[in-house]
Amino acid sequence: MDIILMLITSGVPGFIVYSILYKKVLISEHRYNVHNKVYLISLYTVLVFALTLIALSFIISIDSIREIIPDSQYLRLGLKLLAFFGTSLLVAVILGFWILPLIIKPLNKINFNKSLFQDSKSALSEAITTYNFETYTPYVYVFDFENNNIIEGPVRYIGQDDILQFYGPQENERSEFEEVVELFNEQCDENFEKAQIVLDSVNKLKYYVLHVDIED
């Protein structure tokens, strides 16, 4: 029992679920501060172990299974720990890949970026996360105040202090400022909410944020 409690408090199952959801871009770290991330991992861990206990209770109740359980106390303990660990790992994978996405995806469609887990966001973070990452890819052009292209590309996520992670590799050629303005205006004509400009007067940067359909 002590080993099981240690596994629960370690948060490993919850971290596995969190990692799967993050890889599937159903959650992103910029939406959560450290405390809320720990809260989510703890929540997933409790959920995994609750479902594991239910599954094992059902399995052990089967007569054919109970008959093959060894009489040795140590063998029974080892078998229980192995079954508990293996089942919890399986439950975590099933939750992360199939069950929780069925819940999170509908929430994303009703503007998941306004969930209770979200911190107050900066203007840049708000612009980038306006749309669901599964439907649109935020494409960001970063210029200085002299209209020099610093970097451009599709953004994977935005971290704390507005640190951007771009998908790579990036092309060597960068768009000219006039080209970006023209593209920006075209998207504004299509849907003005999908094209936004964020000015960073402190660092003297201009962010042109466009949202591109993934299907495109």
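**Exercise 1: The sheet**

Work out how the five strands of this predicted model are arranged, and which strands lie at the edges.

*Solution.*
Step 1. Begin with the order: the five strands make an open sheet that reads 3-2-1-5-4, and their pairing is antiparallel.
Step 2. Look for strands that pair on one side only; these are strand 3 (164-166) and strand 4, the edge strands.
Step 3. Add the twist, which averages 40° from one strand to the next.
As background, strands of a sheet pair through backbone hydrogen bonds, either parallel or antiparallel.

**Exercise 2: Strand 2 and its partners**

How many bridges join strand 2 to strand 1, and how many join strand 2 to strand 3?

*Solution.*
Step 1. Take strand 1 and strand 2: they run antiparallel and are joined by five bridges. Here you can find Phe143 with its bridge partner Asn149 in strand 2, and Tyr141 standing opposite Glu152.
Step 2. Move to the other partner. Strand 2 and strand 3 also run antiparallel, with three bridges between them. Tyr157 has Gln165 in strand 3 as its bridge partner.
Step 3. Check how covered strand 2 is: seven of its 10 residues are buried, so the strand is mostly covered.

**Exercise 3: Two loop residues with a positive phi**

Find where Asn147 and Lys204 sit, and say what sign their phi angles have.

*Solution.*
Step 1. Recall the usual case: most residues other than glycine have a negative phi.
Step 2. Turn to Asn147, in the loop between strand 1 (136-144) and strand 2 (149-158). These two strands form a hairpin with four residues between them, and Asn147 in its turn has a positive phi of about 65°.
Step 3. Turn to Lys204, in the loop between strand 4 (195-200) and strand 5 (205-213). Its phi is near 55°, again a positive value in a residue other than glycine.
Step 4. Classify the exposure. Partly exposed covers the range between the 20% and 50% cut-offs. Asn147, at 31% relative accessibility, is therefore partly exposed, and Lys204, at 48%, is partly exposed as well.

**Exercise 4: The two sides of helix 7**

Which residues of helix 7 are buried, and which are exposed on the other side?

*Solution.*
Step 1. Get to know the helix. Helix 7 (residues 177-190) has 14 residues and reaches 20 Å from its first C-alpha to its last, close to the expected 20 Å.
Step 2. List the buried residues: Phe177, Val180, Phe184 and Gln187. They cover an arc of only 90° around the axis, so they are on the same side of helix 7.
Step 3. Connect this with a general idea: an α-helix has 3.6 residues a turn, so residues three or four places apart point the same way.
Step 4. Look at the other side of helix 7, where Glu178, Glu182, Asp189 and Glu190 are exposed.
Step 5. Ask what the buried residues touch: they pack against strand 1, strand 4 and strand 5. The helix lies across these three strands and runs at about 50° to strand 5.

**Exercise 5: Aromatic pairs**

The structure holds seven aromatic pairs. Is the pair Phe49 and Phe84 stacked or edge-to-face? Then do the same for Phe143 and Tyr208.

*Solution.*
Step 1. Note the cut-offs: planes under 30 degrees apart count as stacked, and planes over 60 as edge-to-face.
Step 2. Apply them to Phe49 and Phe84. Their ring centres are 5.1 Å apart and their planes are at 20°, so the pair is stacked. Phe49 lies in helix 3 (residues 34-60) and Phe84 in helix 5 (residues 73-109), so the pair ties together parts that are 35 residues apart in sequence. Both rings belong to buried residues, with 5% relative accessible area for Phe49 and 4% for Phe84.
Step 3. Apply them to Phe143 and Tyr208. Here the centres are 5.9 Å apart and the planes are at 85°, so the pair is edge-to-face. It links distant parts of the chain, as Phe143 is in strand 1 and Tyr208 in strand 5, 65 residues apart. Phe143 is buried at 0%, and Tyr208 is buried at 7%.
Step 4. Put the pieces together: ring pairs link Phe143, Phe177, Phe184 and Tyr208 into a cluster. Phe177 and Phe184 are also among the buried residues of helix 7.

Notes:
Residues numbered from 1 in each chain as written. Predicted model: local features only at pLDDT ≥ 70, side-chain atom pairs only at ≥ 80, totals over all residues. Heavy atoms only, no water. Buried < 20%, exposed > 50% of the residue type's maximum accessible area, 1.4 Å probe, protein only. Expected span 1.5 Å × (residues − 1). Arc of directions from axis to C-beta. Contact = heavy atoms within 4.5 Å. Phe/Tyr/Trp six-rings, centres within 6.5 Å; stacked < 30°, edge-to-face > 60°. Pairing = 2+ DSSP bridges. Axes fitted to C-alpha atoms, helices over the stretch in contact; angles between N-to-C directions.
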